[in-house]
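Welcome! This briefing walks through the empty spaces in a protein model and then through some of its helix packing.

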Amino acid sequence: MSFMLLRARAQTISVLRYTSRALSTRPEPSMAERLDTIGTRRIFNEEHDLIRETARRFFADQVAPFHDKWEEDGKVSRTVWEEAGSLGLLGINIPEKYGGPEADMLSAAVMWEEQAYSGYFGPGFAIHSDIVLPYILHYGTDEQKQKYLPGACSGKCITAIAMTEPGAGSDLQGVSTTAIDDGDSWVVNGSKVFISNGQMADVVVVVAKTDLEAKRAAHGLSLFLIDEGTPGFTRGKNLKKMGLKAQDTSELFFDECRIPKGNLLGSLNKGFYHLMTELPQERLLLGAMAVAHAEACYEWTRAYINERKAFNGTLSNLQTIRHKMAELKTDIAVCRAFTDQCITLHSENRLTTEMASMVKYWCTELESRVADACVQMHGGYGFMWEYPVCRAYADARVQRIYGGANEIMKELIARSI
């Protein structure tokens with residue numbers, strides 16, 4: 001097939017996709033009975049609705065009843081990972097030949113949103129499926145893909161990525177962990193901190209310096225796969241946090257940790273560029289979960305104010321409450337429109353670093369504002385952990401920090417000014 005014919009065919013498909021969305025009769029969330037109603041939003045179709053129904057039942061039946069216990073334990077059970085895997089809810093984009101469902105990017109977004117709608121962030125599914133696994137899929141050798149991806153999609157192999165260090169957070173060029181070439185091995189030394197899934201991970205993608213003489217630190221970073229149980233690799237304590245109490249977060253230590261040469265992930269000294277290529281999806285993920293979490297807070301609060309009696313009526317009879325809810329719904333609707341635009345662009349491989357930074361920054365700021373307002377409208381009950389808005393308020397705070405602090409997002413956006 002000639003290049004011109006291929007190009008014409010691609011343009012036709014693009015027009016058909018656009019026309020399909022434009023002619024869709026699916027309502028937007030702000031038009032529906034609830035902001036989380038299944039069957040809304042033009043970017044999705046009936047197949048996505050089926051995935052959403054499966055994910056929603058999963059979080060209601062397999063996560064919600066156990067989450068309080070997991071918060072006490074500081075981590076979830078391994079069983080819940082395997083249950084998610086059995087339903088095809090892990091590694092949604094991974095090809096079938098590597099054990100994945102091979103669904104589209106929009107299907108992955110459904111899973112992000114459903115976890116946020118549930119309000120239970122203990123299982124670090126999104127980190128595993130849509131932050132870590134893409135590195136293995138996009139940069140791994142076929143041997144590495146065959147070794148890790150099937151187990152990761154089944155839930156038997158939990159993954160984490162170790163970028164942050166005690167002295168290097170949003171500035172990845174400040175990484176001090178090293179990996180020294182020693183014949184047929186790499187010897188890794190250093191430490192990482194705030195690593196999500198860190199206590200439970202069976203394999204960790206580790207960022208380390210491999211060229212200590214590089215003129216720019218970005219030119220000397222590489223990625224490595226380090227398995228649990230490798231001599232010299234130890235975990236610190238499970239960190240106690242303000243929120244996300246059921247999600248294990250750990251310190252990791254590497255002391256003369258010797259790994260095979262074949263554990264290099266991607267190209268030598270190209271780790272920084274691999275990270276920059278994958279970070280837009282991470283930031284989109286955080287933004288998408290944030291706006292869904294804001295929608296959930298809104299709906300929890302709407303139910304509360306329509307039931308809570310005060311001043312010879314319900315709270316919803318008070319103009320101050322109604323106007324605040326109107327403000328929140330409008331803010332969420334605007335944010336939802338931009339987020340769906342970014343999800344669509346990413347599904348077409350057109351999401352830019354700048355727009356990914358915008359969606360992460362704006363949605364996570366909105367999430368915290370909405371959670372704060374919803375706690376206020378709950379009064380004293382909003383300060384009680386048994387109410388979902390209380391957990392939401394605590395869980396939302398870190399969203400403005402990880403994945404690149406929002407101050408860094410503003411700097412990335414400002415580069416085009």
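A cavity here is a set of grid points where a 1.4 Å probe fits but cannot get out, and its volume is the space filled by probe spheres set on those points. With that in mind, the second largest cavity comes to about 60 Å³. Please remember that the model is predicted.

**Enclosed cavities**

- The count is two cavities of 30 Å³ or more.
- The largest cavity holds about 60 Å³ of space.
- Its walls are formed by L89, G91, I92, A108, M111, W112, Q115, F125, A126, S129 and D130.
- Helices α5 and α6 each give at least two residues to the lining of the largest cavity.
- By class, the lining of the largest cavity has seven nonpolar residues, three polar ones and one charged one.
- Around the second largest cavity you will find R26, L35, D36, T37, G39, T40, R41, F44, D49, R52, R56 and Y117.
- Helix α2 provides the largest share of the lining of the second largest cavity, with three residues.
- Six charged residues line the second largest cavity, along with three nonpolar and three polar ones.

**The second largest pocket**

- This pocket encloses about 790 Å³ of space.
- It is lined by 34 residues, and the closest to its centre are M105, H346, S347, E348 and N349.
- Several helices take part: α1 (3-22), α2 (46-63), α5 (105-118), α6 (125-139), α8 and α9 (319-347) each contribute at least two lining residues.
- The lining of the second largest pocket is a mix of 13 polar, 11 nonpolar and 10 charged residues.

**Helix α8 against α9**

- The axes of α8 and α9 are 10 Å apart, and the two helices pack at an angle of about 155°.
- Angles over 145 degrees count as roughly antiparallel, and α8 and α9 are therefore roughly antiparallel to each other.
- The crossing of α8 past α9 is left-handed.
- On the α8 side, the contact is made by Q281, L284, A288, V291, A292, A294, E295, Y298, T301, R302 and I305.
- Their partners in α9 are I321, M325, L328, K329, I332, C335, R336, T339, C342, I343 and H346.
- Sorted by class, the contact of α8 with α9 has 14 nonpolar, four polar and four charged residues.

**Helix α8 against α11**

- Helix α8 (residues 271-305) also packs with helix α11 (residues 388-396), at an angle of about 155° and with the axes 10 Å apart.
- That angle makes α8 roughly antiparallel to α11.
- Here too there is a left-handed crossing, as α8 passes α11.
- Residues H293, C297, W300 and T301 of α8 meet P388, V389, A392 and D395 of α11.
- Five nonpolar, two polar and one charged residue make up the contact of α8 with α11.
- T301 appears in the contact of α8 with α9 and in the contact of α8 with α11.

**Helix α5 against α9**

- Helices α5 and α9 pack at an angle of about 145°, and their axes lie 9 Å apart.
- From α5, the residues M105, L106, A109, E113 and Y117 meet R336, I343, H346 and S347 from α9.
- The contact of α5 with α9 divides into five nonpolar, two polar and two charged residues.

**Residues to look at across topics**

- M105, H346 and S347 are among the residues closest to the centre of the second largest pocket, and they also belong to the contact of α5 with α9.
- Y117 lines the second largest cavity and takes part in the contact of α5 with α9.
- R336, I343 and H346 of α9 meet residues of α5, and they also meet residues of α8.

Note on methods
Residues numbered from 1 in each chain as written. Predicted model: local features only at pLDDT ≥ 70, side-chain atom pairs only at ≥ 80, totals over all residues. Heavy atoms only, no water. Axes fitted to C-alpha atoms, helices over the stretch in contact; angles between N-to-C directions. Helix = DSSP H or I, 4+ residues; strand = E, 2+ residues; numbered from the N terminus. Parallel < 35°, antiparallel > 145°, perpendicular 65-115°, else oblique. Left-handed = near helix turned anticlockwise from the far one by under 90°. Contact = heavy atoms within 4.5 Å. Nonpolar A, V, L, I, M, F, W, Y, C, P; charged D, E, K, R; others polar. 1 Å grid on protein atoms, 1.4 Å probe; cavity = no way out; pocket = protein on both sides within 12 Å on 5 of 7 lines; lining within 4 Å.
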